[in-house]
Amino acid sequence: MVNQIACEDPEQWDRCFLADLHSNKILIQAPDGPQLVVALRFSKRAKRMSLQIETAGNNAVLVVPDEVPVGEAERFACHHAGWLARNLACRPGPVAFEPGAETPILGVPHRIQHCPEGRGGVWVDSKNNSDVISVSGAPNHLARRVTDWLRRRARDEITPRARTHAHRLNRAAARISIRDTTSRWGSCSSRGILSFSWRLVLAPERVLNYVCAHEAAHLVEMNHSPVFWRLVEELVGDWQEPRTWLRLNGAKLHRYG
Ligand SMILES: [Zn+2]
């Protein structure tokens, strides 16, 4: 998934130059210091140039129709550099899993706490009205332990919901897999394998539940036709709200870990 940027910035940065033709990257140097790297992605299908910021990794990408010369792409990138710099700057940075950091579970903020003396790996409890993820063991294993735990939690939340939705449609998933995908929240293969991103466990429950229903409905309809959306509605009611939530907030879920 990428965030599309409307390119209507009249600003022009003073200097810009092509840094490395071989790696298809444009380096833009602002007069007052900041430097932007814009990756060029040539495309047969693109009709016009568009600047995008990738969901995972905060990378700027300029999609360029095949027939557009590099010089023109360079001018386009420079023309929109101010806009791009502001958008990259206001994007929230990554949140590492470390003591004191906060991560949502089913949309509810949880603070991470290291309990070196504790037993039991990772566990969740409430302290002073706030939810805490406690992690035992050596500090250098903390991040991995939290990630592993969240992935297991994702499986525990997603699997029964997906199975229940499929069952209501008189279908059964061949397999349900939980992955770390950056481009999709869920997918359904023609063989009936449902795949989900573990990061859905960070989203509010209604959003996670909607994606489970969406993929289960693909076991009946392998498309996004009105019939498909009616099935999703039968399963979860209003699907537009969680779908919009995911569009607006999904990128933020990639900040964690
Ligand atoms: Zn779909």
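**View 1. Helices H3 and H4 cross in a right-handed sense.** In this predicted model, the axes of H3 and H4 come within 8 Å and cross at roughly 45 degrees. That angle falls outside the ranges that count as roughly parallel, roughly antiparallel or roughly perpendicular, and H3 is therefore oblique to H4. On the H3 side, the residues that meet H4 are Glu157, Ile158, Arg161, Ala162, His165 and Ala166. Their counterparts in H4 are Leu208, Asn209, Cys212, Ala213, Glu215 and Ala216. Sorted by class, the contact of H3 with H4 holds 7 nonpolar, 2 polar and 3 charged residues.

**View 2. Helix H4 also packs against helix H6, which spans residues 240-249.** Here the two axes lie 9 Å apart, and the angle between H4 and H6 is about 105 degrees, which makes H4 roughly perpendicular to H6. Arg206, Val207 and Tyr210 form the H4 side of this contact, while Pro242, Arg243, Trp245 and Leu246 form the H6 side. Of the residues in the contact of H4 with H6, 5 are nonpolar and 2 are charged, with no polar residue among them.

**View 3. An open sheet of 4 strands has the order S7-S8-S10-S9.** The pairing in this sheet is mixed, and its edges are formed by strand S7, residues 102-105, and strand S9, residues 122-127, each of which pairs on one side only. On average, and with direction ignored, neighbouring strands of this sheet are turned by 40 degrees against each other. Helix H3, which covers residues 142-168, lies across S7, strand S8 (108-114), S9 and S10, and runs at about 115 degrees to S10.

**View 4. Strand S10 is joined to S9 in the antiparallel sense and to S8 in the parallel sense.** Between S9 and S10, the latter spanning residues 130-135, there are 6 bridges. Within this antiparallel pair, Asp125 has Val132 of S10 as its bridge partner, and Trp123 stands opposite Ser134 in S10. The join between S8 and S10 consists of 5 bridges, and in it Gln113 has Ser134 of S10 as its bridge partner. Ser134 of S10 can thus be followed in this view both to Trp123 and to Gln113. In a regular strand, the side chains alternate between the two faces of the sheet.

**View 5. The hairpin of S9 and S10 has 2 residues between its strands.** Asn128 lies in the turn of this hairpin and has a positive phi of about 50 degrees. Beyond S10, the loop that leads to H3 contains Ala138. Is Ala138 buried or exposed? Ala138 has 9 other C-beta atoms within 10 Å, and because a residue with 12 or fewer counts as exposed, Ala138 is exposed. Although Ala138 and Pro116 are 22 residues apart in sequence, their C-alpha atoms are 6.4 Å apart in space.

**View 6. A further open sheet contains 3 strands in the order S11-S13-S12.** The pairing of its strands is mixed. Strand S11 (175-179) and strand S12 (186-188) stand at the edges with a single partner strand each, so one side of each is left without a neighbour in the sheet. Neighbouring strands here are turned by 15 degrees against each other on average, direction ignored. Strand S13, made of residues 193-197, pairs with S11 in the parallel sense over 5 bridges, and one of the residues to follow is Arg179, whose bridge partner in S13 is Ser197. H3 packs on this sheet and touches S11 and S13, its direction making about 150 degrees with that of S11. Helix H4, residues 205-217, lies across S12 and S13 and runs at about 15 degrees to S12.

**View 7. The chain as a whole contains 6 helices and 13 strands.** This last legend sets the close-up views in their context. The chain has 257 residues, of which 28% count as buried. Among the contacts in the chain with a separation of 6 or more, 48% are made by residues 24 or more positions apart.

Key
Residues are numbered from 1 along each chain as its sequence is written. This is a predicted model: local features need pLDDT of at least 70, side-chain atom pairs count only at pLDDT 80 or more; totals for chains, interfaces and linings use all residues. Two strands pair if DSSP finds at least two bridges between them. Axes are lines fitted to C-alpha atoms, for helices over the stretch in contact, and angles run from 0 to 180 degrees between N-to-C directions. Two residues are in contact if their C-beta atoms, placed from the backbone, lie within 7 Å. Angles under 35 degrees count as roughly parallel, over 145 as roughly antiparallel, 65 to 115 as roughly perpendicular and the rest as oblique. A crossing is left-handed if the near helix is turned anticlockwise from the far one by less than a right angle, and right-handed if clockwise. Ala, Val, Leu, Ile, Met, Phe, Trp, Tyr, Cys and Pro count as nonpolar, Asp, Glu, Lys and Arg as charged, and the others, Gly among them, as polar. A residue is buried if 20 or more other C-beta atoms lie within 10 Å of its own, exposed if 12 or fewer, and partly exposed in between; C-beta atoms are placed from the backbone.
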